[in-house]
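I opened this notebook to record what I looked up in one protein structure. The entries run from the overall fold to single residues.

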Amino acid sequence: DKGLWKEAEKLFVQVMETRKAKLGAGHPDTLTSMANLASTYSNQGRWEEAEKLDVQVVEMSKAKLGADHPSTLTSMANLAFTWNSQGRYEDALALMQDCVEARERVLGPEHPDTLSSLATVSEWSS
């Protein structure tokens, strides 16, 4: 329901702004709020707004948590899905492949997140 997404968006914006003010823009909880808002935009088909936030979350996560942190890898996967939804298939596939390689190294080849990313690469490659 469109009304529920609008209500969720309002709440996520409020939480994100509060966390930015209280915790700082690069705090992991703030990054989670930004990712939640980006997901809400995606669920509404608002790809440009989702991409803008997804890119910020990836960049800030890399800077604050490190490139191989599980939360950073999740944000990379989210950005890849956004790009795929925008029709940026080559960019999406390349980023998801990077995500798979990092997840295999960090989480292991049998971890559910690794397997999920691997399945996505397989699906997008066919």
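The entries below follow the order in which I made the look-ups.

**Entry 1: Fold**

I note at the outset that the model is predicted. I looked up the secondary structure and found six helices and zero strands. Along the sequence the order reads α-α-α-α-α-α. I then compared the radius of gyration, 15 Å, with the 14 Å that the globule rule gives for 126 residues; the two are close, so the protein is as compact as a globular protein of that length. For the extents along the principal axes, I recorded a box of roughly 40 × 30 × 20 Å filled by the C-alpha atoms.

**Entry 2: Burial, contacts and surface**

I looked up what share of the 126 residues is buried, and the value is 37%. Next I took the contacts between residues at least 6 apart in sequence; 47% of these join residues at least 24 apart. The accessible surface comes to about 7,100 Å². Carbon and sulfur atoms account for 52% of that surface.

**Entry 3: Charges**

I counted 13 positive and 19 negative charges in the protein. How far apart are their mean positions? The separation is 9 Å. I then searched the whole structure for salt bridges and obtained seven. I kept in mind that side chains of opposite charge can pair when their charged atoms come close.

**Entry 4: A salt bridge within one helix**

I examined lysine 6 and glutamate 9, whose side chains form a salt bridge with an N to O distance of 3.5 Å. Both residues belong to helix α1, residues 2-23, and stand three residues apart, about one turn of the helix. Are the two partners buried or exposed? Lysine 6 has a relative accessible area of 42% and is therefore partly exposed. Glutamate 9 has 11%, which is under the 20% cut-off, so I entered glutamate 9 as buried. I also noted that Lys6 and Glu9 belong to a network of salt bridges together with Arg46 and Glu49.

**Entry 5: Salt bridges between distant parts of the chain**

I turned to glutamate 51 and arginine 88, whose side chains meet in a salt bridge at 2.6 Å, N to O. This pair links distant parts of the chain, 37 residues apart. Glutamate 51 lies in helix α3 (residues 47-65), whereas arginine 88 lies in the loop between α4 (70-85) and α5 (89-106). I recorded glutamate 51 as buried because its relative accessible area is 18%. Arginine 88, at 31%, is partly exposed.

I then looked up arginine 105 and aspartate 68, which form a salt bridge with their closest N and O atoms 2.8 Å apart. Arginine 105 is in helix α5 and aspartate 68 is in the loop between α3 and α4, so the pair ties together parts 37 residues apart in sequence. Arginine 105 is exposed, with a relative accessible area of 55%. Aspartate 68 counts as partly exposed at 33%.

**Entry 6: Threonine 30**

I located threonine 30 in helix α2, residues 28-43. Its relative accessibility is 0%, so threonine 30 counts as buried. Which residues does threonine 30 contact, leaving aside neighbours within four places in sequence? I listed Met16, Arg19, Lys20, Leu23, Gly24 and Ala25.

**Entry 7: Alanine 67**

I found alanine 67 in the loop between α3 and α4. At 43% relative accessibility, I classed alanine 67 as partly exposed. Leaving aside neighbours within four places in sequence, alanine 67 is in contact with Lys62, Thr72 and Leu73. I also looked up alanine 102, which is 35 residues from alanine 67 along the chain; their C-alpha atoms are separated by 8.7 Å.

**Entry 8: Leucine 95**

I placed leucine 95 in helix α5. Leucine 95 counts as buried because its relative accessibility is 13%. Not counting residues up to four places away in sequence, leucine 95 touches Met76, Leu79, Ala80 and Trp83. My last look-up was the C-alpha to C-alpha distance from leucine 95 to threonine 82, which is 11 Å. Those two residues are 13 residues apart in sequence.

Note on methods
Residues numbered from 1 in each chain as written. Predicted model: local features only at pLDDT ≥ 70, side-chain atom pairs only at ≥ 80, totals over all residues. Heavy atoms only, no water. Helix = DSSP H or I, 4+ residues; strand = E, 2+ residues; numbered from the N terminus. Rg over C-alpha atoms; globule rule 2.2 N^0.38 Å. Buried < 20%, exposed > 50% of the residue type's maximum accessible area, 1.4 Å probe, protein only. Contact = heavy atoms within 4.5 Å. Areas by Shrake-Rupley, 256 points an atom, 1.4 Å probe, with all protein chains shown as cover. Lys, Arg positive; Asp, Glu negative; His and termini not counted. Charge placed at Lys NZ, Arg CZ, Asp CG, Glu CD. Salt bridge = Lys/Arg side-chain N within 4 Å of Asp/Glu carboxyl O.
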